[in-house]
Every structure is written in structure tokens, then in C-alpha cells.
Amino acid sequence: MADRIFYLQELPRLLKFPFKLRSVSLMKDHIYFNRNRTLHVDLISISFNQENRPCKSLQNGILQELNSNSPYISIIPKGTKLHTLSARRHEELIFTFVPEDFEYILNNFQPVSGAFRLTQNIQQIIDEIIENMECMFIPGNADRMDMLFLQLLREISLDTALNHGEPVKEPVIFELISYLNVHFTENITLENICKKYSISMRTLYRYWNKSFEDTPADFLLKKRLRYAEHLLLTTDMGIQDIARSSGFDNPIYFTQCFRRKYNISPGNFRKNFSGNKKSDRSSNVT
């Protein structure tokens, strides 16, 4: 694809969305020298696939030096004076805005210029934006571009916050609990979990105790009981089927755990709270 620029203000929007891009452009294999250029529009640029060499420029007379070839986001308001000292080849998405929409971005996302990681989510959105350019004049695609840009900005802002905030300790434990949160109804053992994430049982508990109050077993039990409560209130499944569907191999053990938590048997819980007496507790199932 050659360099492309689309003035989206000329395209109709189908949605009453509170934000509209002024323009979007894609520069492939781009190298450009600004010579004491003053911007006449607010813009945000996303640079990626950068050549591995230093890049220097002046923004309002202040030296900006980039030595990494990491993707980079630049937030440049109207009136900024740019002067390139040394440039490098790169790909660049450039988004421009009318003042009120640029203010909307600054107020709601508080973006900052800086490097970010090209995560899978960010790459996917960039690919969607470029693909959307191929059919920009199809009704609805200008609206999609508005929302794709905001999704991209959200993901970059999240990555920037993670990189510049307090480092996440033992990130594997958050991958692990995310897995448990999805697969809690399956026959999960902590031994299998440790093997899946290549950690020892001792390391699992050490990492876990730094981040959560419940033990892994307590977390699983609570998830399973909440789900069983949901099934009791919203289905006609038998107690044994509910036990198995909630991750309990033994219906007797399920009844014991349920009674311990709710001070009532599963059968009596259903009688007391189902039908017109449904409890709001079912809304807590996640």
C-alpha cells in the first residue's frame, strides 16, 4: 500500500459518537525532515517498524532524542515548532483532530509521548486500521476508524501505565489466576497448574500470598459455589448434575461445602430462593 491520507470530515458518520477524527494517514517506509515547521493542527502519530539508528529533533527548541527502535507515540498540539536534526526510516500512522476532539482525548485518556511495546492487542488494532483504509468510503467505516483509534490509544495508554508505573510483581500469578477464573469448572489440580506454568508448588504459594488473601483452593471453591448457586436459581438441573457442572466430582462433598457457606442445603436453597424468591446473589456470578 502506498502512502494514504483520508480527510474523514468529508465522510458521513452514521453514529452520534462524541468524537470524530479529522484525518488519518499511513506513511510507509517514511523518512521526513521538518525544517522549523509550525504545526497548524493537533496531531497524534504512531511510529513503528523503525530503523535501528538514533533520531534527534527539536520540539519548541527542546532536544528530543530517540535511541531505541521501539514503537513510539507522539502527542503534538497545534502551534508546536518542529525541526529535525537526524531522521530514520519508519512506518507512521498520523491522526489529526479539531481542537474540541483533541481536548476530548487529552481529558479522557491523558496520553503522553513515549515508547510502548507492540503487544498482540496493539498490533491487531493497527492491522485493523490499515485494513479499514482499503474500504474507507464504505458507509460506517469512518465511524469504525473513530473507534479503532480510541481502542488503539487505550491499549497504548495501558501499556505505558504498566511500563512507567510500579512494576507488576510475579506476573505469572495473574496469568495463573486468569486461567483458574475461566477453567474453574474443570478437574483442576494445583499440581497440574504448577506444571502448566513451570513453577513449583512452593513458588505458587509464595507468589499467590503476595497478591491475594484467599488460598488457591479457597479461590476455586468460591468460584464453584457461586456458579452452583447460579445454576440452582436459574436452571432445573438436578443437584448431582449441578455439582458436576460446577467442578465438584463428589455430590456429597458439594453439599457439605454448600451448607458450610450458606448454612442451608442446595435443595432447600433452591426452594427458598428460586421462582418469585430469586436472590440478587445470582447477579454476583462472574
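1. A residue counts as buried when its relative accessible area is under 20%. I46 has 1% relative accessibility, so I46 is buried. Please keep in mind, as you look around, that this is a predicted model.

2. Let us stay with I46 for a moment. I46 sits in strand β4, which covers residues 42-48. Setting aside neighbours within four places in sequence, I46 is in contact with Y72, I73, E91, E92, L93, F95, F116, L152 and I156. One of these partners, F116, is 70 residues away from I46 along the chain, and yet the C-alpha atoms of the two are separated by 10.0 Å.

3. A second residue worth finding is S74, in strand β7 (residues 72-76). Is S74 buried or exposed? Its relative accessible area is 12%, and the limit for buried is under 20%, so S74 is buried. Leaving out residues up to four places away in sequence, S74 touches L43, I44, S45 and S113.

4. Next, have a look at the largest pocket, whose volume is about 910 Å³. Its lining is made of 40 residues, and N34, S45, I76, L82 and E92 are the ones nearest the centre. Strands β1 (4-7), β2 (23-30), β4, β5 (55-59), β6 (62-66), β7, β8 (81-86) and β9 (90-97) each give two or more residues to this lining. You have already met two of these names: S45 is a contact of S74, and E92 is a contact of I46. By class, the lining of the largest pocket holds 16 nonpolar, 19 polar and 5 charged residues.

5. The second largest pocket has about 280 Å³ of space. Here 13 residues form the lining, with I188, R224, G247, F248 and Y253 nearest the centre. Which element gives the most to this lining? That is helix α7 (residues 216-234), with 5 residues. The lining of the second largest pocket divides into 7 nonpolar, 3 polar and 3 charged residues.

6. Finally, a pair of helices. Helix α4 (residues 172-183) packs against helix α6 (residues 201-211) at an angle of about 90°, and their axes are 10 Å apart. Angles of 65 to 115 degrees count as roughly perpendicular, and α4 and α6 are therefore roughly perpendicular to each other. On the α4 side, the contact involves V172, I173, F174, L176, I177 and L180, while α6 brings L204, Y207, W208 and S211. The residues of this contact comprise 9 nonpolar, 1 polar and no charged.

Methods
Residues are numbered from 1 along each chain as its sequence is written. This is a predicted model: local features need pLDDT of at least 70, side-chain atom pairs count only at pLDDT 80 or more; totals for chains, interfaces and linings use all residues. Side-chain values use heavy atoms; hydrogens and water are left out. Axes are lines fitted to C-alpha atoms, for helices over the stretch in contact, and angles run from 0 to 180 degrees between N-to-C directions. Helices (H or I, at least four residues) and strands (E, at least two) are DSSP runs, numbered from the N terminus. Angles under 35 degrees count as roughly parallel, over 145 as roughly antiparallel, 65 to 115 as roughly perpendicular and the rest as oblique. Contact means heavy atoms within 4.5 Å. Ala, Val, Leu, Ile, Met, Phe, Trp, Tyr, Cys and Pro count as nonpolar, Asp, Glu, Lys and Arg as charged, and the others, Gly among them, as polar. Buried means under 20% relative accessible area, exposed over 50%, partly exposed in between (1.4 Å probe, protein chains only). On a 1 Å grid over the protein atoms alone, a cavity is a set of points where a 1.4 Å probe fits but cannot get out, and a pocket is an open set with protein on both sides within 12 Å along at least five of seven lines; lining residues have an atom within 4 Å of a point. Grid points are joined across faces, edges and corners, and a volume is the space filled by probe spheres set on the points.
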